[in-house]
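Q: Could you take a close look at one part of this model for me, the place where the two chains meet? I'd like one connected walk through it.

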Amino acid sequence: MAMDEAGGAPGAAKKFLYVNRKAPYGTIYALESLEVVLIGAAFEQDVQLAFLDDGVYQIVKNQSTDAIGAKNFSPTYKALGDYEVTKLYVEAEALEERGLTADDLMEITFEDEDDDWAEKPSINIVSRADMAKIMSEQDVILSF
Amino acid sequence: MKLGIVVNEGPYTHQASDSAYQFAKAAIDKGHEVFRVFFYHDGVNNGTRLTVPPQDERNIQKNWTELAAQSNVDLVVCIAAAQRRGILDENEAKRQGKDADNIAPGFRISGLGQLIEAGIEADRLVTFGD
């Protein structure tokens, strides 16, 4: 790959992909990944999130952390649309391997300004092969 | 090439910080520019000057401090991650009412925007961590 491909035209937005691979509460990676996403949203880049491996547990609905004394930060994912983070890719195989389906995931939506602010789902379930393709199209990948 | 480096693990438990250091040094030796090293998650623990490893072991913090001095590399510790883990500079110690600071020479504390900026400015952003 040519070295100048990553940057594109000066000042053009780069494609950022945040790859979430870990369960939400066993380690801090998921929470601190989300913090980067929220801060990064202010930089007007082209932002995508990927959820694979145990990372799919981050967006499972009805999370409760009462028993472990950790903060339940899962409601923040629902606010991503307000930060114009609207493209969440979830790997189908990762769900299937864990006995999960799309119905187990939170409803995360955004209002599409190009379509009269219609409310649309942010979550796209994609195959492992498509996830690889999505990754290959990025300029910057941050994996947590 | 202009490189950004992210270090996501602390010293000694994981090899990530060592590998990042070796990579940064090798890249600079080959004539590349290291735009910034950003320390996140437990990686912020690389930036304390209070570590005292045995004398016959490498001193990871000193390696970074020397690299910063020799090659003018910008070593940035994430403020939010640092506050969770007790890495403070003089200003932060004062602001938070703490009786000491521990940031190592050559490191500075700043926000996550510095990580995003590294992603935007660098030709390649290379992450070290598990």
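A: Let's start with a charged pair: Arg84(B) makes a salt bridge with Glu32(A), and their closest N and O atoms sit 2.8 Å apart. A salt bridge here means a side-chain nitrogen of Lys or Arg within 4 Å of a carboxyl oxygen of Asp or Glu. By that rule, 3 salt bridges cross the interface of chain A and chain B. There are also 9 residue pairs in polar contact across the interface of chain A and chain B, both residues at pLDDT 80 or more. For a polar contact, N or O atoms have to lie within 3.5 Å; within protein, one must be able to donate a hydrogen and the other to accept it, and residues adjacent in sequence count only if both atoms are side-chain atoms.

On the side of chain A that touches chain B, the elements giving two or more residues are strand E1 (15–20), helix H1 (29–40) and strand E7 (140–143). H1(A) gives the most to that side, with 8 residues. Helices (H or I, at least four residues) and strands (E, at least two) are DSSP runs, numbered from the N terminus. As for the make-up of that side of chain A, it splits into 16 nonpolar, 4 polar and 5 charged residues. Here Ala, Val, Leu, Ile, Met, Phe, Trp, Tyr, Cys and Pro count as nonpolar, Asp, Glu, Lys and Arg as charged, and the others, Gly among them, as polar.

Now the whole contact: 25 residues of chain A and 23 residues of chain B take part, contact meaning heavy atoms within 4.5 Å. About 1900 Å² is buried between chain A and chain B, with carbon and sulfur atoms giving 60% of that area. Buried area is the accessible area (1.4 Å probe) that two parts lose on being put together, summed over both.

A word on how far to trust this: it's a predicted model, so local features need pLDDT of at least 70 and side-chain atom pairs pLDDT 80 or more, while totals for chains, interfaces and linings use all residues. Residues are numbered from 1 along each chain as its sequence is written, chains are lettered from A and ligands numbered from 1 in the order written, and side-chain values use heavy atoms, leaving out hydrogens and water. Chain A averages a pLDDT (the predictor's confidence in each residue, from 0 to 100) of 93, and 92% of the residues score at least 70. Residues 1–8 of chain A stay under 50, and the model has 11 contacts beyond four places in sequence for them.
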